[in-house]
Amino acid sequence: MKPCIIKQPAGVGDVFFLQKIAHMYRHSGHEIIWPLRDHIFWISEYIPDITWYKLSEWMMDPRSQIFNYAGFADNEELVYIDCSTADRTFNTDPTRIMSAKFGLVGMKHTDWGNYFKFDRKKDKEDELYYDVLGLKDDSEYSYVNDIVHTDIRDAGRLGGKEYDYPVIKNEVLEGFSLFDWTKVLENAKEIHTIPTAVCFIVDVIDTKGKVFYYPNDERQYKDIIDIFSNCLLYTSDAADEEDSVDLG
């Protein structure tokens with residue numbers, strides 16, 4: 001069967017979100033070829049059944065010439081899906097950048113979470129939880145994430161807020177991936193985060209805590225309102241819980 005090449009080398013949340021597309025084409029018998037930016041290649045250790053490439057190595061492969069083109073192609077040799085530019089090649093609604101990636105291939109996006117599966121490294125999760133962060137099974141804390149973008153930028157939007165529990169702030173720690181924070185997310189009393197890759201994990205795990213998302217603006221709010229369901233979703237100017245929209 002001809003390969004299916006997916007162009008979405010970043011960001012991390014987009015890769016998580018698009019696992020349904022990979023699943024559906026793999027289920028049809030296609031080999032899924034997916035190049036990733038080198039510094040997020042750790043994703044390949046947690047999501048199986050995809051032929052992952054480091055982008056630097058992929059760009060030396062003759063097949064990488066397909067990346068010069070945008071849109072969707074299905075011919076005798078391959079299936080090519082450029083999700084990274086779907087908001088420009090397919091989208092008819094400028095407020096819906098994320099869903100355009102699914103519209104490009106004629107799929108609905110709202111059940112994306114049914115297809116986002118990842119292997120967990122329980123030893124790494126325990127090491128981070130107990131040894132690095134010093135948490136206990138009965139610890140009560142608010143997980144706060146201000147990190148956004150594949151290039152790891154601190155948005156600095158949530159640092160000045162007051163929280164009901166001691167804060168465990170998301171950090172980029174050597175030797176641990178974002179997936180290794182899953183135990184921390186599961187056991188948190190509250191989760192406060194801007195919309196980013198963390199949210200996709202939160203939406204598919206069993207967490208009992210209250211979840212709060214803080215979109216940057218109205219456009220981002222409209223883009224994610226039917227993507228994340230396990231949350232109280234704040235509007236960009238919300239300061240109090242009564243301003244939030246309950247999607248749970």
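Helices and strands here are runs assigned by DSSP, with at least four residues for a helix and at least two for a strand, and they are numbered from the N terminus. With that in hand, the loop between α5 (97-103) and α6 (122-132) is where you will find His-109. Please keep in mind that this is a predicted model. The tour below starts with an open sheet of five strands, then visits two cysteines and two histidines.

**The five-stranded sheet**

- Reading across the open sheet, the strands come in the order β3-β2-β1-β5-β4, and their pairing is mixed.
- The edges belong to β3 (51-54) and β4 (72-74); each has a single partner strand, so one side of each is left without a neighbour in the sheet.
- On average, neighbouring strands of this sheet are turned by 15° against each other, direction ignored.
- Helix α2 (residues 19-27) packs on the sheet and touches β1, β2, β3, β4 and β5 (79-82). The direction of α2 makes about 150° with that of β2.

**A closer look at β2**

- Strands of a sheet pair through backbone hydrogen bonds, and they can do so in a parallel or an antiparallel way.
- Strand β2 (residues 32-36) pairs with β1 (residues 4-7) in the parallel sense, over two bridges. In this pairing Cys-4 stands opposite Ile-32.
- With β3, strand β2 also pairs in the parallel sense, here over four bridges. Pro-35 of β2 stands opposite Tyr-53 in β3.
- How many of the five residues of β2 are buried? Five of the five are, so the strand is mostly covered.
- In a regular strand, side chains alternate between the two faces of the sheet.
- In β2, Ile-32, Trp-34 and Leu-36 point one way, while Ile-33 and Pro-35 point the other way; all of these are buried.

**Two cysteines without a bond**

- A search of the whole structure finds zero disulfides.
- Why is there no bond from Cys-4 to the closest cysteine sulfur? That sulfur belongs to Cys-83 and is 8.5 Å from the sulfur of Cys-4, which is too far for a bond; a disulfide needs the two sulfur atoms within 2.5 Å.
- Cys-4 is buried, with a relative accessible area of 0%.
- Cys-83 also counts as buried, at 0% relative accessibility.

**His-109 in its loop**

- His-109 is buried, with a relative accessible area of 10%.
- The side chain of His-109 makes a polar contact of 3.4 Å with the side chain of Arg-96, and another of 3.1 Å with the side chain of Asp-226.
- Beyond its neighbours within four places in sequence, His-109 is in contact with residues including Phe-17, Ser-99, Phe-102 and Ile-227.
- His-109 and Ile-227 are 118 residues apart along the chain, yet their C-alpha atoms are separated by 7.6 Å.

**His-192 in strand β10**

- His-192 lies in β10 (residues 190-193).
- Is His-192 buried or exposed? This histidine is buried, with a relative accessible area of 5%.
- The side chains of His-192 and Tyr-214 are joined by a polar contact of 2.7 Å.
- Leaving aside neighbours within four places in sequence, the residues in contact with His-192 are Ser-142, Tyr-143, Val-144, Asn-145, Leu-158, Tyr-163, Phe-212 and Tyr-214.

How values were computed
Residues numbered from 1 in each chain as written. Predicted model: local features only at pLDDT ≥ 70, side-chain atom pairs only at ≥ 80, totals over all residues. Heavy atoms only, no water. Pairing = 2+ DSSP bridges. Axes fitted to C-alpha atoms, helices over the stretch in contact; angles between N-to-C directions. Contact = heavy atoms within 4.5 Å. Buried < 20%, exposed > 50% of the residue type's maximum accessible area, 1.4 Å probe, protein only. Polar contact = N/O pair within 3.5 Å; in protein donor to acceptor, adjacent residues only side chain to side chain.
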